[in-house]
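Work through the exercises below with the sequence and the model side by side. Each task is followed by a solution that goes step by step.

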Amino acid sequence: METSNSVVITLSCQDRPGIVRAVADFFYRRGCDIRESHQFGDTDSGLFFMRVHLGTGPDTPPVAALREEFNQVAEEFQMSFELTDLAVRPRLLIMVSKYDHCLHDLLYRWRSGQLPVDIPVIVSNHPDLAPLAEAHGIPFHHIPVTKETKPEAERQLLALVKEHRIDLVVLARYMQILSEDLCKHLDGRAINIHHSFLPGFKGANPYGRAHERGVKLIGATAHYVTSDLDEGPIIEQDVIRVDHSASVADMVTLGRDIESRTLARAVLWHVQRRVLLNGRRTIVFT
């Protein structure tokens, strides 16, 4: 996806005639050309959602000025909108515990240019993955968490979010439950990954329990973090079929692979501004 000299606008409002024309006309008059456009009218809520990727020209005002000028259109249609300069790379804070497969995958995609972000810090409640962070030149913060130290640990985390101007927190198999206050603070800018056996196989050893039940599909779900454990708005899901010959070890291997790629897609779509919240659901323009 081209990022130089381009912006993305995402918006939502009550559906009514004239929205697309007003948006297109606004940017046409400011020297922009539409490179990609998606829209969706939700008949259940009556809301309209739109994402437009625009190329800017030599006479296009700066992004800050575009935002200010677009307020007139937004007021007319009572829109909520975000206008993003794609040349500015989002800043990620990755949280991890001991499982390293999702972290490895995200770092590979970041290093290879597939994930256009900056990763200024990695946080873990265990020290095990410090060498991996060091190998990639990323500062690693070990913040142990116990029942007694959890409030202080979360204060340290929020301090890092503020210090590093973090746009998105990614829980790459971070095996701690975030407090309700922290979830509210990170609302809409924290993504988690879990295996899709939930809620049928909650708790420890889900693949072993799934094997005992003879499941035929294993998968993963990436979602926004909310105070309702593992019930935040779903961004992406994927599954793979297995049969009676699959051992628990086979399922674990397949599960880790599907978790990694499902999380990576969700993170990429978020930083590309392809995900819009619609109550407890998401609109994903891919």
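**Exercise 1: the annotated span and its sheet**

The end C-alpha atoms of residues 8-91 lie 17 Å apart, and this span is 30% helix and 39% strand, where helices (H or I, at least four residues) and strands (E, at least two) are DSSP runs numbered from the N terminus. This is a predicted model, in which local features need pLDDT of at least 70 and side-chain atom pairs count only at pLDDT 80 or more, while totals for chains, interfaces and linings use all residues. Residues are numbered from 1 along each chain as its sequence is written, and side-chain values use heavy atoms, with hydrogens and water left out.

Task: find which annotation covers residues 8-91, and describe the open sheet of four strands.

Solution. Begin with the record: the unreviewed UniProt entry gives residues 8-91 the annotation "domain: ACT", and such annotations may be inferred rather than shown by experiment. Next, trace the open sheet of four strands, whose order is β2-β3-β1-β4 with antiparallel pairing; two strands pair if DSSP finds at least two bridges between them. Its edge strands are β2 (33-42) and β4 (80-85), each of which pairs on one side only, and the twist averages 10 degrees from one strand to the next. Within this sheet, β1 (residues 6-14) and β3 (residues 47-55) run antiparallel and are joined by nine bridges, and Ser 6 has Gly 55 in β3 as its bridge partner. Finally, add helix α2 (residues 63-77), which lies across β1 and β4 and runs at about 160 degrees to β4 (axes are lines fitted to C-alpha atoms, for helices over the stretch in contact, and angles run from 0 to 180 degrees between N-to-C directions; contact means heavy atoms within 4.5 Å).

**Exercise 2: the sheet of seven strands**

Task: state in which order the seven strands lie, and why one side of each edge strand is left without a neighbour.

Solution. The order in this open sheet is β7-β6-β5-β8-β9-β10-β11, and the pairing is mixed. At the edges stand β7 (140-142) and β11 (234-241), each with a single partner strand, so one side of each has no neighbour in the sheet. The twist averages 20 degrees from one strand to the next. For a parallel example, take β5 (residues 91-96) and β8 (residues 168-171), which pair over four bridges, with Ile 94 opposite Val 170 in β8. Helix α3 (residues 101-111) then packs on the sheet, touching β5, β6 (118-124), β8 and β9 (190-195), and its direction makes about 170 degrees with that of β6.

**Exercise 3: the largest pocket**

Task: work out which residues lie nearest the centre of the largest pocket, and which element gives the largest share of its lining.

Solution. On a 1 Å grid over the protein atoms alone, probed with a 1.4 Å sphere, a pocket is an open set of points with protein on both sides within 12 Å along at least five of seven lines, and lining residues have an atom within 4 Å of a point. The largest pocket holds about 750 Å³ of space, a volume being the space filled by probe spheres set on the points, which are joined across faces, edges and corners. Of its 30 lining residues, Arg 173, Met 175, His 194, His 195 and Asp 230 lie nearest the centre. The largest share of the lining, four residues, comes from β9.
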